[in-house]
Each structure stands twice: as C-alpha cells, then as structure tokens.
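Here are some notes to keep beside you on a first look through this model. They begin with the enclosed spaces, move on to the domains, and end with a few local details.

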Amino acid sequence: MRIRFWGTRGSIAKPGPSTVRYGGNTSCVEVRAEDTLIVLDCGTGAHELGQQIVAANPEPVRGHLLISHTHWDHIQGFPFFAPLFRAGSEWDVYAPRQRGRSLQEILGGQMNYTYFPVPLGELAATIRYHELTEGEFELGNVRVTTRYLNHPAPVLGYRLEAGGVSVVYATDHEPYSRHHTEKRPADGAPVHAEDKRHIAFLAGADLVIHDAQYTLEEYPEHLSWGHCPAEWAVDFAVAAKAKRLALYHHDPSRTDRAVESLLTRCRQRAATQADPPEIFAAAEGQYLVVVRPGAETPSLAGSGRPTADDPMTSSPEATILVADDDPDVMAVLLDTLEPEGFRVLSANNGDAALAIARTEHPDVIVLDWMMPGLDGLQVCRALRADPDSRLAEVPVVLITGRSDATDTAAGFDAGVTDYLTKPFKPSVLLARLHAWLLRTGRGASSPPPTPSR
Ligand SMILES: [Zn+2]
Ligand SMILES: [Zn+2]
C-alpha cells in the first residue's frame with residue numbers, strides 16, 4: 001500500500017510559519033493499493049489531493065472516501081474536492097451511521113446556501129453514500145474492518161488490509177480508561193474491555209495512524225474531549241505490536257518544534273519496551289510505501305458483522321434505563337437522551353432499576369455504581385444471572401467516579417459491558433450508547449435511509 005498524508009492537523013486548519021514542517025491542513029490521507037484509491041477523511045488537506053488527482057488524470061476517476069466522522073475538521077475539504085466536480089467520476093462515500101439524519105443530509109448541510117455556493121446535488125460526479133457500523137467489507141482488493149472509537153460523536157476507525165500488509169487509521173479517539181499512567185498496556189493488558197478491543201484492532205499492523213493530539217500533561221484539562229495523549233498512542237501501538245506508528249491529528253497550537261519534542265519523548269517511551277514500533281510524526285506531503293513480504297494478516301476477534309449497506313433492522317425507539325441516585329446527574333442524563341428520541345426510563349436506586357429492567361426489557365442500561373440498596377455492580381450481577389437472555393445479555397454501561405484499574409476490573413468482573421468514568425461529556429455517553437445500540441441491532445430510531453446502491 002502507498003500512503004500519502006495531505007492533512008495531519010486536528011480540530012482546525014493552522015497554516016503558517018510555525019507549522020511548515022508538519023503541515024496546517026486538517027485530516028486527509030490518500031491510500032493506494034494497486035488500482036484501488038481510498039481517501040481517509042476529507043479535511044482541508046483534500047483540496048490539494050483533489051487538485052493533484054484531477055491534474056494527473058484526464059479521464060474520470062473512481063475512488064472511495066472513508067470518513068471517520070463528520071466533525072468539521074474531517075469534512076471541510078469535501079465541497080472543495082475537485083474530482084467530485086467532474087462528470088463521469090464515481091465516488092463512494094462511507095461514514096458512521098448517525099441517528100436521525102442520513103449521511104447525504106449531513107454532508108449537504110455544510111453545503112447549504114448559507115455556508116457554500118454549490119449545493120450537494122449539483123456535484124457532477126456520481127456519488128453513492130454508505131452508512132457504516134462495525135464490521136468488514138471489501139473495496140477492490142482492500143479488506144476494510146471498521147471499529148467504533150471513543151469520541152463525543154459516532155466515529156469509526158478503519159483497518160485496511162491488502163497485499164499482506166495492514167494499515168490502521170484511528171483518529172479522534174480517547175482511551176476508555178484513565179489509569180494508564182499506573183499500568184500501561186505495554187506492561188500488561190489494560191483492564192477496560194474496550195481498550196483491549198482497541199489494541200486488538202491495531203494488532204500487528206504495519207502502520208498505525210493514531211490520534212496524538214495531547215501530551216500527558218495537557219490531557220487532564222481535556223478529559224472527555226475525545227482525543228488521545230501521544231504517550232498513550234505509543235502504549236497502544238507497543239501493546240498491539242504494531243510495526244510503525246504515525247502520530248496524527250496534531251493539536252492546532254502544537255508548533256513544529258513542539259511536535260519534534262513530543263516525538264522525541266514518544267520515542268524514548270517506546271525505547272524502554274521490547275521490539276518497539278518505529279515512531280514518527282505524520283507530516284503533510286509525506287509519502288510512505290507499506291510493504292511486508294510474506295506477511296500474514298492477523299485475524300480480528302469479534303468483528304464478523306457485515307457493515308457496508310447492511311440493512312439495519314428498522315425498529316421503534318430504543319428504550320434506555322438510567323439508574324442514578326444523584327438528581328443533578330439524572331437531570332443531565334435525561335436532558336441528553338430524551339431529545340434524541342429515546343424512550344428513557346429512570347430509577348434512583350438499584351432495586352428499582354432491577355425491577356424496571358425485568359418488566360421493560362430495556363435495550364441498554366446505564367447504571368451508577370454507588371447507589372442506595374443494590375449498587376450498580378450488584379444490579380449487573382443479578383442481570384447476568386437472570387434466566388431471561390434479554391437481561392443476561394443487555395448492554396450495561398457503568399458510570400462511576402472510580403478510575404483505578406482495580407475498580408475498572410471489578411466492573412468488568414461483575415459483567416458490565418462498558419465502563420465510563422466521571423466526569424464525562426454527555427455527548428460521549430450518547431456516542432457510546434449509540435454504538436451499543438447499533439452493535440445489538442437497535443440503532444435506528446427512525447427508518448434508515450435507503451442506500452443508494
Ligand atoms: Zn478531528
Ligand atoms: Zn472529532
């Protein structure tokens with residue numbers, strides 16, 4: 001696979017004298033595997049890529065655009081991507097499925113006449129839209145595996161495999177646990193099940209392109225913003241035995257000099273480990289060829305569900321049971337979930353939560369750990385022991401102020417599905433619930449938009 005970085009900056013484009021080396025354009029990576037052209041994200045870096053594609057190809061071009069999520073810094077180049085203005089070109093656009101709005105509506109939104117002169121419908125190329133959940137599919141000779149990441153919006157990471165090599169694109173991702181400084185994944189497996197899945201997603205990759213927006217010092221000021229300290233990106237890559245790690249999604253305030261010093265620290269951190277990955281900071285314009293003769297592609301656990309154009313079960317609104325004894329927290333949870341169209345049931349203690357679960361069979365349960373009567377872990381154990389499989393298997397998200405590794409392990413031992421440490425942004429919980437609903441086939445509260453292929 002051939003890789004070229006066209007935009008490496010996070011959050012907002014930051015051109016200028018302080019970002020000449022690593023670049024100021026936002027997320028965009030070109031991937032070519034034989035005849036297959038894949039563009040990862042369509043931030044402002046897509047402008048120059050589009051210009052080059054059009055200049056190099058007098059004939060119409062066929063390509064695939066894989067969007068991690070639809071935050072601005074990942075789609076602002078879309079209305080400026082020249083191949084889309086070319087009649088005869090064909091582009092397939094993929095992004096995570098969202099509640100209530102189709103991908104076409106979301107991309108068209110930023111091209112509404114208030115913001116942009118050309119409406120989406122006037123683009124001359126043939127564009128097909130595909131909404132994804134977790135799973136696997138093929139684009140030409142490239143096998144694509146998708147995996148949800150942790151961010152205040154539904155985000156997918158993409159693992160691309162072709163010709164015996166693998167590249168993982170995982171940006172806009174915050175670790176699920178916050179205790180890695182105590183026990184790094186490199187020293188032993190992390191205790192949060194979702195961090196383990198993340199490492200499995202990166203496993204053995206020849207190249208991991210990973211969110212590295214913060215430093216460990218900056219991170220406490222940005223809890224729940226959905227980004228990763230660079231040092232933990234290193235730990236994940238080490239634990240996953242990745243061959244190379246590209247630090248990516250550089251913070252807009254990170255100067256070239258600051259990127260260099262962060263890179264040095266990351267290399268020193270990795271050097272203490274056996275067989276560390278080669279680490280570099282992704283730079284705009286950088287070109288890589290990823291090869292590994294005779295490589296085997298590692299299989300991924302638990303990712304067998306189909307995704308592209310997967311006909312989603314059309315379902316009535318999902319039911320979410322929320323149990324918390326703190327009225328302020330409950331108010332925030334209701335304010336977050338109800339406008340999304342969920343049927344929200346609430347309980348202010350563990351016993352009530354268990355009773356409601358037994359009669360209402362919610363699609364997801366959000367449990368506070370510390371509650372009067374049965375606590376969150378006891379409720380979860382009771383659910384898991386229930387002969388009714390709807391209770392034994394329902395996704396349970398534990399919310400707690402406890403962030404220690406031992407506490408997280410205790411949560412998973414009790415059978416929780418996910419573990420979310422307070423404080424968190426409501427949008428993070430929303431994105432996590434969204435992921436669990438889709439994983440269990442309960443994601444669509446409104447009928448899903450018809451795939452255009
Ligand atoms: Zn971003
Ligand atoms: Zn984002």
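1. How much space lies in the largest cavity? The figure is about 90 Å³. Please keep in mind throughout that this is a predicted model. In this model, the count comes to 3 cavities of 30 Å³ or more.

2. To find the largest cavity on your screen, start from Tyr-148, Leu-149, Ala-431, Arg-432 and Ala-435, which lie nearest its centre. They belong to a lining of 15 residues. Helix 12, covering residues 426–439, gives the largest share of that lining, with 5 residues. By class, the lining of the largest cavity divides into 9 nonpolar, 2 polar and 4 charged residues.

3. Next comes the second largest cavity, with about 70 Å³ of space. Its lining is made up of Asn-150, Glu-174, Pro-175, Tyr-176, Arg-178, Ser-224, Leu-420, Thr-421, Val-428 and Arg-432. Two elements, strand 19 (418–421) and helix 12, each give two or more residues to this lining. Sorted by class, the lining of the second largest cavity has 4 nonpolar, 3 polar and 3 charged residues. You may recognise Arg-432 here: it lines the second largest cavity, and it is also among the residues nearest the centre of the largest one.

4. Which domains supply the residues around these spaces? The chain is divided into domain 1 (2–289) and domain 2 (319–439). For the largest cavity, at least three lining residues come from each of the two domains. The second largest cavity likewise draws at least three from each of domain 1 and domain 2.

5. The two domains themselves deserve a look. Taken over C-alpha atoms, the centres of domain 1 and domain 2 are separated by 31 Å. Their contact takes 23 residues from domain 1 and 25 residues from domain 2. The size of an interface is often given as the accessible area lost when the parts come together. Here, domain 1 and domain 2 bury about 2,000 Å² between them, with 57% of it on carbon and sulfur atoms.

6. How many salt bridges are there between domain 1 and domain 2? The count is 2. A salt bridge worth picking out in the viewer is the one that Glu-134 forms with Arg-439, where the closest N and O atoms are 2.7 Å apart.

7. Two spots in the backbone may catch your eye. Most residues other than glycine have a negative phi, and most peptide bonds are trans. The peptide bond from Lys-422 to Pro-423, however, is cis, with omega near -5 degrees. Pro-423 sits in the loop between strand 19 and helix 12, and those are the elements named above for the lining of the second largest cavity. The other spot is Glu-34, a residue other than glycine whose phi is positive, near 50 degrees. Glu-34 is placed in the loop between strand 2 (28–33) and strand 3.

8. Finally, where is Thr-44 found? Look in the loop between strand 3 (36–40) and helix 1 (46–56). Leaving aside residues up to four places away in sequence, Thr-44 touches Ala-13, Asn-25, Thr-26, Gln-76 and Gly-77. Thr-44 and Cys-28 are 16 residues apart along the chain, and 7.4 Å separates their C-alpha atoms.

Definitions and conventions
Residues numbered from 1 in each chain as written. Chains lettered and ligands numbered in written order. Predicted model: local features only at pLDDT ≥ 70, side-chain atom pairs only at ≥ 80, totals over all residues. Heavy atoms only, no water. 1 Å grid on protein atoms, 1.4 Å probe; cavity = no way out; pocket = protein on both sides within 12 Å on 5 of 7 lines; lining within 4 Å. Points joined across faces, edges and corners; volume = space filled by probe spheres on them. Helix = DSSP H or I, 4+ residues; strand = E, 2+ residues; numbered from the N terminus. Nonpolar A, V, L, I, M, F, W, Y, C, P; charged D, E, K, R; others polar. Domains from an automatic or database assignment. Contact = heavy atoms within 4.5 Å. Buried area = accessible area lost by both parts, 1.4 Å probe. Salt bridge = Lys/Arg side-chain N within 4 Å of Asp/Glu carboxyl O.
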